[in-house]
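Hi,

Here is the structure I promised to pass on. My notes on it follow below; have a look whenever you get a moment.

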Amino acid sequence: MDILSSLIKLVFGSKAERDRKEIAPYVEKIKEIYPKISQLSNDELREHSAALRKLIADYIAEDEQHLVEQKALLEFDDRPLNEKEKISKDIDTTLKRIDEKIEEILDQILPEAFAIMKDTARRFAESESVEVTANDFDRNLAAVKDFVTIEGDKAVYTTHWTAGGNDIRWDMVHYDCQLFGGVVIHKGKIAEMATGEGKTLVATLPVFLNALAGKGVHMVTVNDYLARRDAEWMGPLYQFHGLSVDCIDLHQPNSQARRNAYMADITFGTNNEYGFDYLRDNMASSPEDLVQRKHHFAIVDEVDSVLIDDARTPLIISGPVPKGDDQMFEQYNPAIKYLYGLQKDFVTQLVTKSRKAAEEGNMDEAGILMYRAYKGLPKYKPLIKFLSEQGIKVQMQKTENIYMADNNRRMPEITDELFFVIDEKLNSVELTD
């Protein structure tokens, strides 16, 4: 077996080698493009990332317009149901096509996007501040963040800011191994890295690339400290390129602020908060109550902890229990008890009559009475005791076969005299006329 494995590896290579051959061309393209990107001015660098965003938007524009038109058609209440179903299927098909086209275009622009993010990190690491021509996004950001200041028509991004309660100075630039890891994560695979190898820095590459599509990127972390710290730590690099960043753990559940956080280009948060928001959205009674939008792309930090260790503890959500007087159970319980009492008295009479008919040798009549009692209260103890006697259950089964023939055509002859009929197989109770 070892010899066979060695021969297979010799011919086809190991799994690690095959993965490396798949990813290596992307890294080479990034390195090839990077020198041109590094020669751009700060404004040109931002214009280049904006051009990539426009390229993606233009690539899916036709499908996006079709989606808007179809959703508008679905809102007309006077449309026949079959037409609405047809429109809904078309919407689902269009959404799937948009996702596929985004995946195609992102694969094409990956080297440029990764090179832009790498050079952004370099510029922040090599300077005390990075100056660009101010736009509306910069001005709004400067109103709430202290690492951006507006000086005339210029926006100045300082390269040190507060993250997780600590003042940090940006000093990281992506190495080739981190470019490699970024491609791996974008491809939906797991990148295993030891502590200190720059997992957080690696994530900036696929996060930036996928955020360019404007469909939302979720960064999932294991605790709220890491979620807030990473949002503050990596946020300025994304915001430099006009991408909005927020953290759901900073806002109350089911609040407008949390809805806005999910509408950001990049959203940080803990796995539990994402999970509970998902559960609450599934309990929502109207679209206005939803906080999450359509899921697009997510990166899970400490994936082994989140998907294995934490996954052993289920997320449980509950709501307030109404007062007893307000429950329908309390309202209808007396009527149900009365109805059950009537049925029980009737079934008792049926069992007595059936037993008497069987003793007199009239087995056909005994079978009908017995089967009617069974349809009324199948768990009734006197009936169960009677069915345990020799030949009685066989007679009831013969009767059942007669009345169940031709798709229960004659069943009303059995059930019409009952107050309700119990079907044990379907776990249902049906009232009779």
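Helix α10 covers residues 271-282, twelve in all, and runs 17 Å from its first C-alpha to its last, close to the 16 Å expected at 1.5 Å a residue. That expected span is 1.5 Å times one less than the number of residues. Helices (H or I, at least four residues) and strands (E, at least two) are DSSP runs numbered from the N terminus.

Before going on, note that this is a predicted model: local features need pLDDT of at least 70, side-chain atom pairs count only at pLDDT 80 or more, and totals for chains, interfaces and linings use all residues. Residues are numbered from 1 along each chain as its sequence is written, and side-chain values use heavy atoms, with hydrogens and water left out.

Back to α10. Its buried residues are Asn271, Tyr274, Gly275, Asp277 and Asp281. Seen down the helix axis, they fall within an arc of 165°, so they line one face of α10; the arc is that of the directions from the axis to the C-beta atoms. As a reminder, an α-helix has 3.6 residues a turn, so residues three or four places apart point the same way. "Buried" here means under 20% relative accessible area, "exposed" over 50%, and "partly exposed" in between (1.4 Å probe, protein chains only). The cover over those buried residues includes β6 (217-221), α9 (256-262), β8 (266-270) and α11 (303-309).

Arginine 280 also sits in α10, and it is partly exposed at 28% relative accessibility. Leaving aside neighbours within four places in sequence, arginine 280 is in contact (heavy atoms within 4.5 Å) with Pro253, Arg258, Glu273 and Ile317.

Another arginine, 122, lies in helix α4 (residues 81-126). Arginine 122 is buried, with a relative accessible area of 19%. Not counting residues up to four places away in sequence, arginine 122 touches Tyr34, Ser38 and Val173.

Helix α7 (residues 199-211) is mostly covered, with eleven of its 13 residues buried. Among them are Leu201, Val202, Phe208 and Asn210. Its end C-alpha atoms are 18 Å apart, which agrees with the 18 Å that 13 residues should span at 1.5 Å a residue.

Two backbone spots to look at: asparagine 254 has a positive phi of about 60° although it is not a glycine, and glutamate 302 has one of about 50°, again without being a glycine. Asparagine 254 is in the loop between β7 (245-247) and α9 and is partly exposed at 43% relative accessible area. Glutamate 302 is in the loop between β9 (297-300) and α11, partly exposed at 32%.

On cysteines, the structure holds zero disulfides (a disulfide being a pair of cysteine sulfur atoms within 2.5 Å). Cysteine 177 is exposed at 53% relative accessible area, whereas cysteine 247 is buried at 1%.

Now the whole protein: the secondary structure comes to 16 helices and eleven strands. The radius of gyration is 34 Å, where a compact globule of 433 residues would have one near 22 Å; this is taken over C-alpha atoms, and the globule rule is 2.2 Å times the number of residues to the power 0.38. The C-alpha atoms fill a box of roughly 105 × 65 × 45 Å along the principal axes. Of the 433 residues, 37% count as buried.

Cheers
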